[in-house]
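Me: I would like a close look at the salt bridges of this model. Please describe the pairs in turn, and then place them among the strands, loops and pocket around them.

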Amino acid sequence: MFLQRGSRALRSQWGASKAVGRVAMGKTPQSGVPRWFSESRRLCAIKPVLLADIGEGIVECEVIQWFVEPGARVEEFSPLCEVQSDKASVEITSRFTGTVKKLYYEAGEMAKVGKPFVDIDIQGGAADAEAPPAKEAAPSAPAPAEAQSPAPAPVSTPTESPAAAAAPPKQKGKGAAISTPAVRHLSKERNVDINDIDGTGRDGRVTKEDILKFVQNRDAGPAAPASAAPTDSAVQTETRQPLTTTQQMMFKSMSRSLTIPHFLYADEVDFSDLVSLRGRLNKVLAKTPAEGGALSKLSYLPFIIKAVSLALYQFPILNARVELDAASNNKPSLVMRSQHNIGVAMDAPQGLVVPVIKNVGSLNIVAIAAELNRLQALAQQGKLAPADMAGGTITVSNIGNIGGTYLSPVIVEREVAILGIGRMRTVPAFDEHDNIVKKQICNFSWSADHRVVDGATMARAADVVRSVVEEPDVMVMHLR
């Protein structure tokens, strides 16, 4: 009996202590999910999206534009924003489906690689969808007498029309900002905020015509009063204009490149036989049915790129890079590279870009031309990926297709040589029988890193390229 009473007393004391503990911790026995538990589950629903590493040692990118805003619903793999690195512009997509809660950066700010740049609530969509019915169900309860009395009618101001009061304010910046890089480049050139333009394209996209019409209406503003003093055209005026994103990247890369000691080597190359060979090959391609993006015409550039690759087999130093070796007390060394990844400088709407044709040594002329066409199409659309512009070992710049006979190209960082191609021209010349004939002459201008490449090596390598271009049939013997 004594043991039974003691056990009952202990149980009652234990139950009382548990009740006191629940009150102290806020765990009162009530129906529903405890608040602390629901809050922790809610916090776990917010997922930060980290800016992924896009390669080539890039540690920060500039946010060009946002495709979303806080409160917007996003799906997995839907675009979030566009960023610009030293190499190219990249579209960042969402890893989750949910609701955007926070944007860490504004357009124009530098985002750090590996750090959060947007928060997404992966449960926000379900919660937001259930919220409106709960609010509509609340008035079903009996309302107080004061609430049941008719509310006074709102007084409208004379300046506000009924149509304007009924229509919600139009939000801009969501569909208007989804536009092509060429359109965004045009907006920067015309000093126009693309978010202020109502897009007439698909899904509200802004087109070039929209920007030109906007600029025309803006410039055709109210005329200046007649009493305004005329401007003096003889006075010098200066207007500060910020660099575009592409110009900023060029500023940084060219500043680093010009720390390399350059020397220039130029040569004249006879294109007469190459002109004849190219004409014959283009006739064959014209008779071949075009299927799946097949080539319809060859330019001179694929032949030159292949000739450069053949020269690199004999002079691999031109395919190397200079690097300070940390293992040997930062002594300079050469890093030799086996693949010939030849960059090609291109004039794109957003500025100068240098995509890379990978492993040229294993490609024939047709394959080089096909890859060149692919990269040129992406450059014109502003859709070059970082992988398309990474890993170059030597560069070719064909300025002659725009005009210009001679040039002094600047070596690209992490390379030791670059070839500049001038404009091809027809000149009179003597043949082996002293007869005057027409020849197609083009100037090749080489720049090399004089810290590791001497003039004799550059001259011999340039002579190999010249001989292959002047006798293009030699390439047949080197097909792989």
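Reply: Twelve salt bridges are present in this structure, which is a predicted model. Side chains of opposite charge can pair when their charged atoms come close. Several of these pairs are described below, each with its setting.

The pair formed by Glu268 and Arg425 has its closest N and O atoms 3.4 Å apart. Because Glu268 belongs to strand S9 (residues 262-270) and Arg425 to strand S17, this salt bridge ties together parts that are 157 residues apart in sequence. The two partners fall into separate accessibility classes when taken one by one. Glu268 has a relative accessibility of 42% and counts as partly exposed. Arg425, with a relative accessible area of 19%, is buried; the cut-off for that class is under 20%.

A second pair lies within one helix. Arg466 and Glu470 meet through their side chains in a salt bridge, with an N to O distance of 3.0 Å. These residues are four positions apart in helix H12 (residues 455-470), so about one helical turn separates Arg466 from Glu470. Arg466 counts as partly exposed at 22% relative accessibility, and Glu470 is partly exposed with a relative accessible area of 21%. Arg466 and Glu470 also take part in a network of salt bridges that links them with Asp267 and Asp463.

A third pair joins Glu75 and Arg73, whose side chains meet in a salt bridge at 4.0 Å, N to O. The cut-off applied to such a pair is a nitrogen within 4 Å of a carboxyl oxygen. Glu75 is partly exposed at 44% relative accessibility, and Arg73 is likewise partly exposed, with a relative accessible area of 46%.

Strand S17, which holds Arg425, leads to the next part of the picture. Strand S17 (residues 425-430) runs antiparallel to strand S18 (residues 436-449), and six bridges join the two. Within this pairing, Pro428 has Lys438 of S18 as its bridge partner. Five residues lie between the strands of the S17 and S18 hairpin, where Asp434 takes a positive phi near 65 degrees.

Positive phi values also occur in two loops elsewhere. Asn359 has a phi near 50 degrees, a positive value in a residue other than glycine. Asn359 is found in the loop between strand S14 (356-357) and helix H11 (365-381), and with a relative accessible area of 27% Asn359 is partly exposed. For Arg414, phi is near 70 degrees, again positive in a residue other than glycine. Arg414 sits in the loop between strand S15 (394-398) and strand S16 (417-421). At 47% relative accessibility, Arg414 counts as partly exposed.

Another sheet can be described by its strand order. Strands of a sheet pair through backbone hydrogen bonds, either parallel or antiparallel. Here four strands form an open sheet in the order S5-S4-S2-S7, with antiparallel pairing. Strand S5 (89-93) and strand S7 (110-112) are at the edges and have a single partner strand each, so one side of each is left without a neighbour in the sheet. On average, neighbouring strands of this sheet are turned by 45 degrees against each other, direction ignored. Between strand S4 (residues 79-84) and S5 there are five bridges in the antiparallel sense, and Gln84 stands opposite Ser89 in S5.

Strand S2 of that sheet also contributes to a pocket. The second largest pocket has a volume of about 750 Å³. Its lining consists of 29 residues, and those nearest the centre are Ile64, Ala107, Lys188, Val192 and Asp193. Strand S2 (60-66), helix H6 (181-189) and helix H8 (245-257) are the elements that give two or more residues to this lining. The largest share comes from S2, with five residues. By character, the lining of the second largest pocket divides into twelve nonpolar, ten polar and seven charged residues.

To return to the request, the pairs described have distinct settings. Glu268 and Arg425 connect strands S9 and S17, Arg466 and Glu470 lie in helix H12, and Glu75 pairs with Arg73.

Note on methods:
Residues are numbered from 1 along each chain as its sequence is written. This is a predicted model: local features need pLDDT of at least 70, side-chain atom pairs count only at pLDDT 80 or more; totals for chains, interfaces and linings use all residues. Side-chain values use heavy atoms; hydrogens and water are left out. Two strands pair if DSSP finds at least two bridges between them. On a 1 Å grid over the protein atoms alone, a cavity is a set of points where a 1.4 Å probe fits but cannot get out, and a pocket is an open set with protein on both sides within 12 Å along at least five of seven lines; lining residues have an atom within 4 Å of a point. Grid points are joined across faces, edges and corners, and a volume is the space filled by probe spheres set on the points. Ala, Val, Leu, Ile, Met, Phe, Trp, Tyr, Cys and Pro count as nonpolar, Asp, Glu, Lys and Arg as charged, and the others, Gly among them, as polar. Buried means under 20% relative accessible area, exposed over 50%, partly exposed in between (1.4 Å probe, protein chains only). Axes are lines fitted to C-alpha atoms, for helices over the stretch in contact, and angles run from 0 to 180 degrees between N-to-C directions.
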